[in-house]
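Subject: Structure for you to look at

Dear colleague,

I am passing on the structure we spoke about, together with some notes that I hope will help you find your way around. Please have the sequence and the 3D view open side by side as you read.

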Amino acid sequence: MLFAAIALEVLGTMLLPASQNFTQLLPTAVLIISYGISFYLLTLLAQKLPLAILYASWAGLGVFSVALLSYVFYKQTLNWQTIIGLFLIVIGVTLVNLYKGQTH
């Protein structure tokens with residue numbers, strides 16, 4: 001369910017340029033529906049997972065995915081500093097999820 005929420009958020013974000021400031025009906029409608037379902041899934045997941053873990057995973061993997069897909073579909077450049085930053089996001093999300101159950 002988390003991966004579905006991330007995928008829908010990424011879809012909505014990738015449609016932001018296509019919506020042309022919300023003037024294009026179809027991309028705008030899909031964008032809004034995607035975000036709505038993504039947030040709905042987050043509300044369901046918030047009942048089962050700690051909010052900090054949930055949001056870190058959703059946001060981190062979303063940022064990583066949007067950056068990569070923007071490179072592929074919108075031909076946006078990624079310099080080496082950006083690439084390192086994206087991998088640090090993935091490492092951070094991985095660490096958060098690996099140690100989510102441990103307490104002091």
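Below is what was found, going from the whole chain to single residues.

Please keep in mind that this is a predicted model. The secondary structure of the protein chain comes to five helices and zero strands, so that reading along the sequence gives the pattern α-α-α-α-α. The C-alpha trace spans about 50 × 35 × 15 Å along its principal axes, and of the 104 residues in the protein chain 29% count as buried. Among the contacts with a separation of 6 or more, 61% are between residues that lie 24 or more positions apart. The chain exposes about 7,000 Å², of which 73% is supplied by carbon and sulfur atoms.

Helix 4 is a good place to begin looking in detail. It covers residues 51-73 and reaches 32 Å from its first C-alpha to its last, which is close to the 33 Å expected at 1.5 Å a residue. Its buried residues include I53, L54, W58, F64 and V66, and what covers the buried residues of helix 4 includes helix 1, helix 3 and helix 5. After helix 4 comes K75, whose phi is positive, near 55 degrees.

The aromatic rings are worth following next, and the count comes to three aromatic pairs. In one of them, the rings of Y55 and W58 have their centres 5.7 Å apart and their planes at 40 degrees, so this pair is tilted. Y55 and W58 are three residues apart in helix 4, and therefore separated by about one helical turn. W58 counts as buried because its relative accessibility is 8%, which is under the 20% cut-off. The pair of F64 and F87 is edge-to-face, with 6.1 Å from centre to centre and 65 degrees between the planes. Because F64 lies in helix 4 and F87 in helix 5, this pair ties together parts that are 23 residues apart in sequence. F64 is buried, with a relative accessible area of 16%, whereas F87 counts as partly exposed at 48% relative accessibility. F39, Y55 and W58 form one aromatic cluster.

Lastly, please look at the surface, where W80, I84, L88, I91, L95, L98 and Y99 form a nonpolar patch with about 770 Å² of accessible area together. One of these residues, I84, is placed in helix 5, residues 80-98, and counts as partly exposed at 43% relative accessibility.

With best wishes

Conventions. Residues are numbered from 1 along each chain as its sequence is written. This is a predicted model: local features need pLDDT of at least 70, side-chain atom pairs count only at pLDDT 80 or more; totals for chains, interfaces and linings use all residues. Side-chain values use heavy atoms; hydrogens and water are left out. Patches are made of residues with over 30% relative accessible area and no salt bridge: like charges are joined within 9 Å, nonpolar side chains (Val, Leu, Ile, Met, Phe, Trp, Tyr) within 5 Å. Accessible areas come from the Shrake-Rupley method with a 1.4 Å probe; for residues, only the protein chains shown count as cover. A salt bridge is a side-chain nitrogen of Lys or Arg within 4 Å of a carboxyl oxygen of Asp or Glu. Helices (H or I, at least four residues) and strands (E, at least two) are DSSP runs, numbered from the N terminus. Buried means under 20% relative accessible area, exposed over 50%, partly exposed in between (1.4 Å probe, protein chains only). Contact means heavy atoms within 4.5 Å. The expected span of a helix is 1.5 Å times one less than its number of residues. Rings of Phe, Tyr and Trp (its six-membered ring) pair if their centres lie within 6.5 Å; planes under 30 degrees apart count as stacked, over 60 as edge-to-face and the rest as tilted.
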